[in-house]
Protein chains: 2
Amino acid sequence: MLKLSRLTDYAVVALVRLSAADCVETSPGIAAAIGVPEPTVAKVLKALAGHGLVISSRGARGGYRLGRPLNEIAVSEVIMAIDGPIALTSCVDGASGCESQSLCPVAGRWDPVNDAIRSALSRISLADMEAASIPTAFRLPVVAPMNEVV
Amino acid sequence: MLKLSRLTDYAVVALVRLSAADCVETSPGIAAAIGVPEPTVAKVLKALAGHGLVISSRGARGGYRLGRPLNEIAVSEVIMAIDGPIALTSCVDGASGCESQSLCPVAGRWDPVNDAIRSALSRISLADMEAASIPTAFRLPVVAPMNEVV
DNA sequence: CCAATCAGGACCGCTTAGGTCCACTATCGG
DNA sequence: CCGATAGTGGACCTAAGCGGTCCTGATTGG
């Protein structure tokens with residue numbers, strides 16, 4: 001249904017939480033704070049750390065802290081850290097895996113769609129999500145090149 | 001991974017195909033043309049017909065034809081017809097289903113993200129996808145409000 | 001009346017995400 | 001120097017959703 005994984009949602013919550021308490025916090029601590037099972041949170045934080053979105057400190061008194069301010073973290077980055085690359089169809093990543101390549105008249109044509117989504121997502125930061133007031137400035141100009149639906 | 005279903009891909013292919021031969025075509029015919037098993041194509045076409053993207057004629061000599069020209073069909077419409085509403089998180093549709101509602105600092109904050117995606121997708125028509133030449137005009141201005149990644 | 005064709009279900013197997021657990025390593029504090 | 005604490009990396013299992021198939025109507029043209 002074109003929906004992203006729940007893990008990504010957790011990631012956003014964790015990051016926002018980490019921003020609120022701007023100091024080192026342990027994964028059990030974060031888990032308790034956001035009401036998500038600890039092992040799951042740990043997995044999410046690992047992924048985020050791997051992409052530099054959070055900085056990890058090992059050993060006793062270790063934990064995680066934010067890699068950079070919320071307003072410098074794009075939603076797209078979080079999604080890619082957790083869910084992997086943003087590509088709507090398997091045609092894109094798998095490339096020549098599509099057996100009906102010859103018949104398929106739109107082979108590779110999803111690219112513009114992917115780009116549009118990537119672009120849209122990279123223009124929204126976690127700070128925007130935190131601040132309920134929607135970045136109306138970010139809402140696309142709405143040129144409506146066709147009879148808008150949605 | 002933020003990817004849409006293969007069925008949606010089939011739908012696009014079928015619609016483009018249906019546009020090429022602009023006359024009534026049967027589902028077995030389309031299936032053969034695009035190299036996809038017939039029952040699956042039938043299912044897709046049913047969904048499309050339900051949303052008015054294709055017009056169906058029953059009985060002998062019946063079949064499907066395009067509901068309106070390709071350039072008036074937004075990708076978002078096809079996705080919604082096949083995959084259901086575009087909502088990134090279950091928080092959005094399920095609404096109050098989120099148990100950690102009180103703890104969740106970003107409850108409902110995915111809305112702007114959803115809107116951005118919906119908007120981006122509704123601005124790309126099937127005609128755009130057909131015409132390989134990407135509607136660069138549609139590519140968002142790329143203002144890069146933050147350190148772009150993606 | 002018969003054949004062709006869509007409509008709308010029920011059904012099923014497979015993939016994969018979500019979640020859990022374990023052994024390992026690194027660091028701090030005493 | 002030793003042990004407690006915390007992240008790292010991996011294997012693993014379960015359950016839900018998707019992709020795919022099939023069957024029984026309803027409808028229309030010849």
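Visitor: Which residue of chain A has a polar backbone atom 3.1 Å from a base oxygen of DNA strand C?
Guide: This is a predicted model, so treat the distances as model values. The partner on the DNA side is a base oxygen of DNA strand C, and on the protein side a polar backbone atom 3.1 Å away. That backbone atom belongs to A60(A).

Visitor: What does A60(A) do at DNA strand D, and at what distance?
Guide: On DNA strand D the atom to look at is again a base oxygen. It pairs with a polar backbone atom of A60(A), and the distance is 3.2 Å.

Visitor: Which residue puts a polar side-chain atom 3.0 Å from a base nitrogen of DNA strand D?
Guide: Chain A has a side-chain contact to DNA strand D too, but there S56(A) has an N or O atom 3.0 Å from a phosphate oxygen. For the base nitrogen, go to chain B: the residue is R58(B).

Visitor: How much of what the protein meets on DNA strand D is sugar and phosphate?
Guide: There are 25 residues around DNA strand D, and K46(A), Y64(A), R6(B), L7(B) and K43(B) come nearest. Take the atoms of DNA strand D that come within 4 Å of the protein: the sugar and phosphate part is 68%.

Visitor: Which element gives the largest share of the surface near DNA strand C?
Guide: DNA strand C is surrounded by 23 residues, with R6(A), K43(A), K46(B), S56(B) and Y64(B) closest. Phosphate contacts include T40(A), with a side-chain N or O atom at 3.3 Å, and S27(B), with a polar backbone atom at 3.2 Å. Elements giving two or more residues are helix 1 and helix 3 of chain A, plus strand 1 and strand 2 of chain B. The largest share, three residues, comes from helix 1 of chain A.

Visitor: By class, how many charged residues does the surface near DNA strand C have?
Guide: Go through the classes in turn: seven residues are nonpolar and 10 are polar. The charged ones number six.

Visitor: Are helix 2 and helix 3 of chain A roughly parallel or roughly perpendicular?
Guide: Helix 2 (residues 27–34) and helix 3 (residues 38–50) of chain A pack with axes 9 Å apart, at an angle of about 115°. That angle makes the arrangement of helix 2 and helix 3 of chain A roughly perpendicular.

Visitor: Which residues of helix 3 of chain A make the contact with helix 2?
Guide: The two helices of chain A pass in a right-handed crossing. Helix 2 brings S27(A), P28(A), I30(A), A31(A) and I34(A). From helix 3 come E38(A), V41(A), A42(A) and L45(A).

Terms used: Residues numbered from 1 in each chain as written. Chains lettered and ligands numbered in written order. Predicted model: local features only at pLDDT ≥ 70, side-chain atom pairs only at ≥ 80, totals over all residues. Heavy atoms only, no water. Axes fitted to C-alpha atoms, helices over the stretch in contact; angles between N-to-C directions. Helix = DSSP H or I, 4+ residues; strand = E, 2+ residues; numbered from the N terminus. Parallel < 35°, antiparallel > 145°, perpendicular 65-115°, else oblique. Left-handed = near helix turned anticlockwise from the far one by under 90°. Contact = heavy atoms within 4.5 Å. Near = heavy atom within 4 Å. Polar contact = N/O pair within 3.5 Å; in protein donor to acceptor, adjacent residues only side chain to side chain. Nonpolar A, V, L, I, M, F, W, Y, C, P; charged D, E, K, R; others polar.
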